[in-house]
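I sat down to get my bearings in a structure that was new to me. These are my notes, in the order I looked things up.

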Amino acid sequence: MQFAVRLAATLLALTAILPAVQAATVLRDFTLIDGTGRNPVPGSALIVDGGRIAWVGPATQLRIPAGADVVDLKGKFVTPGLIDNHVHVGLVRDVAQDIEFYSRESVEQQLRTYAAYGVTAVQVLGTDKDLIFEIRADQRKAQPETARVYTAGQGLVFKGSYGGVPGLNQPVANEAEARRAVDEQVAKGVDFIKLWVDDEFGDLPSRMPAEISKAIIEQAHKHRLRAIAHIFYLDNAKTLVAQGVDGFAHSVRDQPVDRALLDAMKKQGTAQMAATLSREASFTYKKLPFLDDPFFNRSITPAAYATLTSAERQQKLAAAKHFAQYPGVLETALNNTRREIAAGVTYGVGSDSGPTGRFTGYFLHWELQLMVQAGLTPLQVLTAATGNNAKLIGAKDLGTIEPRKLADLVVFDADPSADIRNTRTIHSVYIAGKSVPTIWSICAGRAPNECGGKNGE
Ligand SMILES: [Zn+2]
């Protein structure tokens, strides 16, 4: 009797320690686009166990584990979860931007929207409140049901120059302050260090001086962290590459990149992490061309839609100081992306969505289309957004569909490697093997039946 009680107590303790046993999931008969860059493989299957890929291979060799849930995906296409390596979260309510909106609820809501768009991991570029470290810790303790977050905490801004958001980032004025600020971010547990080198078309009095960026990059490397820079100008890009910066969060946008920069980037292994083409493209419109596309507007509130379609907003954007410059900026960014990729520079995909007017999830899909416009094949773009991006953000368990990787997956109805616009045909999204709601089941701020469907009905 006593033994039985003890046994029961032991079992109870064990069940408290062990995670709930989850049956294996089998996906079968799909075309595999595995994120490594190899060609799509029709007739594939995979087994998910404990949130990870346990096996992947030809459906003909599949051995279904006892008790597994089997999902037939005939005619569908499976890729790793998409990654957006340049975002900002928690800053915007409808279309208004204010750091005061930053809360656990607003951040998690946005991470849920990313996941709904098949974006299962994001890297936030230097505009997070410290709350992000709790959110990230919770995600890493148990597998999340929202996009996984990687953060730079508060990025480094030079006093009087461009960067950060008001009320959050504390500008630095000298090398000692810069090094101390890096140490502070490292102590918080950041995944990398972000710095801004820009003066907003010369509107601001200065850009971060070379000795400050050098100190920041050195200090980041001392802690074995990557240093990622916001750039605009070719001359700053050259200086930063010479200083050992790990990646650029934007394209060079003032003039064409030259041979000297391309050679230096290749020699140093500097990545063109994000081209942010959708960012530049968005600034060329008074009224975004996809406001009535359900793939876009299912994720925005009626209040945001009303603002975006208002005559007042269109007048305001048309009157903005640099509005007329952006078609040229976009063209330069597209051409520089094309040149860098042709030269063999390492690249990823990032949209810089999250500040006002640049929308969660949709903008990554737009970015993929613009990368194709810049000259990549759809397969190269998909590889950049999955396998390449995982390497660039330092996520060893993500980015490809291979044994032992986390089962973050997107299932599409139509082939995204044939036409990149087919990334809109999201059928299902898995995070650590668990199915989460897609954009086609979301209807932000409205009753579920008030949103348009897949074919725009
Ligand atoms: Zn940004």
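**Entry 1: the domains**

I began with the domain assignment, which gives domain 1 as 2-79 + 403-450 and domain 2 as 81-392. I'm keeping in mind that this is a predicted model. I looked up how far apart the two are, and their C-alpha centres lie 29 Å from each other. Their contact takes 31 residues from domain 1 and 28 residues from domain 2.

Which elements give two or more residues to the side of domain 1 that touches domain 2? I found strand 15 (409-412), strand 16 (426-431) and strand 17 (434-436). The largest share, 3 residues, comes from strand 16. I also sorted the residues on this side of domain 1 by type, and they divide into 16 nonpolar, 9 polar and 6 charged.

**Entry 2: the open sheet**

Next I went to a sheet. I found 4 strands forming an open sheet in the order 11-12-13-14, with parallel pairing. Strand 11 and strand 14 stand at the edges with a single partner strand each, so one side of each has no neighbour in the sheet. A reminder to myself: strands of a sheet pair through backbone hydrogen bonds, either parallel or antiparallel.

I then looked at strand 11 (residues 193-196) by itself. Are its faces covered or open? Both are covered: I193 and L195 are buried on one side, and K194 and W196 are buried on the other.

Strand 11 pairs with strand 12 (residues 227-230) in the parallel sense, over 4 bridges. I picked out two of the partners. I193 stands opposite A227, and W196 has H230 as its bridge partner. Following the chain from strand 11 through helix 5 (residues 210-222) to strand 12, I get a right-handed β-α-β unit.

**Entry 3: two residues with positive phi**

I noted the background before looking: most residues other than glycine have a negative phi. R224 goes the other way, with a positive phi near 60°. I found R224 in the loop between helix 5 and strand 12. R224 is exposed, because just 7 other C-beta atoms lie within 10 Å and the cut-off for exposed is 12 or fewer.

T276 also has a positive phi, near 45°, and is not a glycine. T276 belongs to the loop between strand 14 and helix 8. Is T276 buried or exposed? I get buried: T276 has 27 other C-beta atoms within 10 Å, and 20 or more is enough to count as buried.

**Entry 4: helix 12**

Helix 12 (residues 326-343) was my next stop. It has 18 residues and reaches 25 Å from its first C-alpha to its last, close to the 26 Å expected. I listed its buried residues as V329, L330, A333, L334, N336, T337, R339 and E340. I jotted down that an α-helix has 3.6 residues a turn, so residues three or four places apart point the same way.

What do the buried residues of helix 12 pack against? I found helix 7 (259-268), strand 14 (271-272), helix 8 (277-282) and helix 13 (362-373). Just after helix 12 comes G344, with a positive phi of about 95°.

**Entry 5: helix 13**

Helix 13 turned up in that packing list, so I followed it up. It has 12 residues and a reach of 17 Å from first C-alpha to last, close to the 16 Å expected. I counted 9 of the 12 residues as buried, so helix 13 is largely enclosed by the rest of the structure. The buried ones are Y362, F363, L364, H365, W366, E367, L368, L370 and M371.

The packing partners of these buried residues are strand 6 (82-87), strand 9 (119-124), helix 8, helix 9 (294-297), helix 12 and helix 14 (378-392). After helix 13 comes G375, with a positive phi near 120°.

**Entry 6: one last residue**

I finished with E100, which is in the loop between strand 8 (96-97) and helix 2 (104-116). E100 is exposed, with 10 other C-beta atoms within 10 Å. I also checked E100 against G50, which is 50 residues away along the chain, and their C-alpha atoms are separated by 38 Å.

Methods: Residues are numbered from 1 along each chain as its sequence is written. This is a predicted model: local features need pLDDT of at least 70, side-chain atom pairs count only at pLDDT 80 or more; totals for chains, interfaces and linings use all residues. The expected span of a helix is 1.5 Å times one less than its number of residues. Two residues are in contact if their C-beta atoms, placed from the backbone, lie within 7 Å. Two strands pair if DSSP finds at least two bridges between them. A crossover is right-handed if, with the strands pointing away from the viewer, the path from the first strand over the helix to the second runs clockwise. Domain bounds come from an automatic or database domain assignment. Ala, Val, Leu, Ile, Met, Phe, Trp, Tyr, Cys and Pro count as nonpolar, Asp, Glu, Lys and Arg as charged, and the others, Gly among them, as polar.
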